[in-house]
Amino acid sequence: MSIDKVKEYFKQYGIEDKILEFPVSSATVELAAQALNTDGCRIAKTLSFSVNGSPILIVTAGDAKVDNKKYKTCFGAKAKMLTPDEVVEKIGHAIGGVCPFAINDGVKVYLDESIKRFETVFPACGSSNSAIELTPEELEKYSSFFVKWVDVYKLPELE
């Protein structure tokens, strides 16, 4: 299971015990917010894209949406999300548990500036009923294959 891969990955940092597992689903921003009793904007959602045939992950705040113009400027390509089957194959986690930890080799991870609005955020940990509370700095430190911070989001009130 993917959560076991994440636990094993986190052992190198001594934080595997910080993973939270829920008796209910946390597969969407809304469900994760309910499970954690927090605001949806603090859920760090991990989105899977293909850029020129290579898989990438972008982690954004739960209330952020990808701005297509900013995305194209940043990555030089139109935003193309992976299908659920491609996510499992290319990233190594299934939809609902996708996270930037313990992913397949070569998957580049980008963290969106929308996360920096919060003291801590809650990304998933490889399963549809898990999360971990991390500061933006810790999220950067623990993300596999982190490349850089990007600004590719728009907030709902700005639409």
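A residue is taken as buried when its relative accessible area is under 20%. In this predicted model, Leu36 has a relative accessibility of 17% and therefore counts as buried. Leu36 belongs to helix H2. Apart from neighbours within four places in sequence, the residues in contact with Leu36 are Leu20, Phe22, Ile43, Phe122 and Ala131. Asp112, by contrast, lies 22 Å from Leu36 between C-alpha atoms, at a separation of 76 residues in sequence.

Helix H2 (29-36) also takes part in the lining of the largest pocket, as do strand S2 (43-51), strand S6 (122-123) and strand S7 (130-131), each with at least two residues. The volume of this largest pocket is about 340 Å³. Its lining comprises 23 residues, and those nearest the pocket centre are Ala27, Lys45, Thr46, Gly96 and Val98. Strand S2 makes the greatest contribution to the lining, namely six residues.

The largest nonpolar core contains 35 residues, and the most contacts inside this core are made by Val6, Phe10, Ile91, Phe101, Ile132 and Leu139. At least two residues each are supplied to this core by H1, strand S3 (54-61), helix H4 (84-91), strand S5 (108-112) and H5. Of these, H1 gives the most, with four residues. For Phe101, contacts beyond the neighbours within four places in sequence include Val6, Phe10, Ile132 and Leu139, together with Tyr9, His93, Pro123 and Tyr142. A second core, separate from the largest, has 12 residues, among them Ile56, Ile58, Val66 and Ala77.

Aromatic pairs were examined next. A pair of aromatic rings is described by the distance of the centres and the angle of the planes. The count of such pairs in the model is eight. In the pair formed by Phe10 and Tyr142, the ring centres are 6.2 Å apart and the planes meet at 65°; because an angle over 60 degrees counts as edge-to-face, the pair is assigned to that class. This pair joins distant parts of the chain, since Phe10 lies in helix H1 (residues 2-11) and Tyr142 in helix H5 (residues 136-142), with their positions 132 residues apart. Both Phe10 and Tyr142 are buried. The pair of Tyr71 and Phe75 is instead tilted, with a centre-to-centre distance of 4.8 Å and 45° between the planes. Tyr71 and Phe75 share helix H3 (residues 68-75), where a spacing of four residues places them about one turn of the helix apart. Tyr71 and Phe75 are likewise both buried. One aromatic cluster is made up of Tyr9, Phe10, Tyr13, Phe101 and Tyr142.

Two lysine residues have their charged ends placed over aromatic rings. That of Lys116 sits over the ring of Trp149, at 4.5 Å from the ring centre, and that of Lys70 over the ring of Tyr153, at 5.2 Å from the centre.

Positive phi values occur in two residues that are not glycine, Ala102 and Phe145. Ala102 has a phi of about 55° and is located in the loop between H4 and S5. With a relative accessible area of 12%, Ala102 is buried. The phi of Phe145 is near 55°, and Phe145 occupies the loop between H5 and strand S8 (146-150). At a relative accessibility of 37%, Phe145 counts as partly exposed.

Notes:
Residues are numbered from 1 along each chain as its sequence is written. This is a predicted model: local features need pLDDT of at least 70, side-chain atom pairs count only at pLDDT 80 or more; totals for chains, interfaces and linings use all residues. Side-chain values use heavy atoms; hydrogens and water are left out. Rings of Phe, Tyr and Trp (its six-membered ring) pair if their centres lie within 6.5 Å; planes under 30 degrees apart count as stacked, over 60 as edge-to-face and the rest as tilted. Buried means under 20% relative accessible area, exposed over 50%, partly exposed in between (1.4 Å probe, protein chains only). A charge sits over a ring if NZ of Lys or CZ of Arg is within 6 Å of the ring centre and within 35 degrees of the ring normal. A nonpolar core is a set of buried Ala, Val, Leu, Ile, Met, Phe, Trp, Tyr and Cys residues joined through side-chain atoms within 4.5 Å. Contact means heavy atoms within 4.5 Å. On a 1 Å grid over the protein atoms alone, a cavity is a set of points where a 1.4 Å probe fits but cannot get out, and a pocket is an open set with protein on both sides within 12 Å along at least five of seven lines; lining residues have an atom within 4 Å of a point. Grid points are joined across faces, edges and corners, and a volume is the space filled by probe spheres set on the points.
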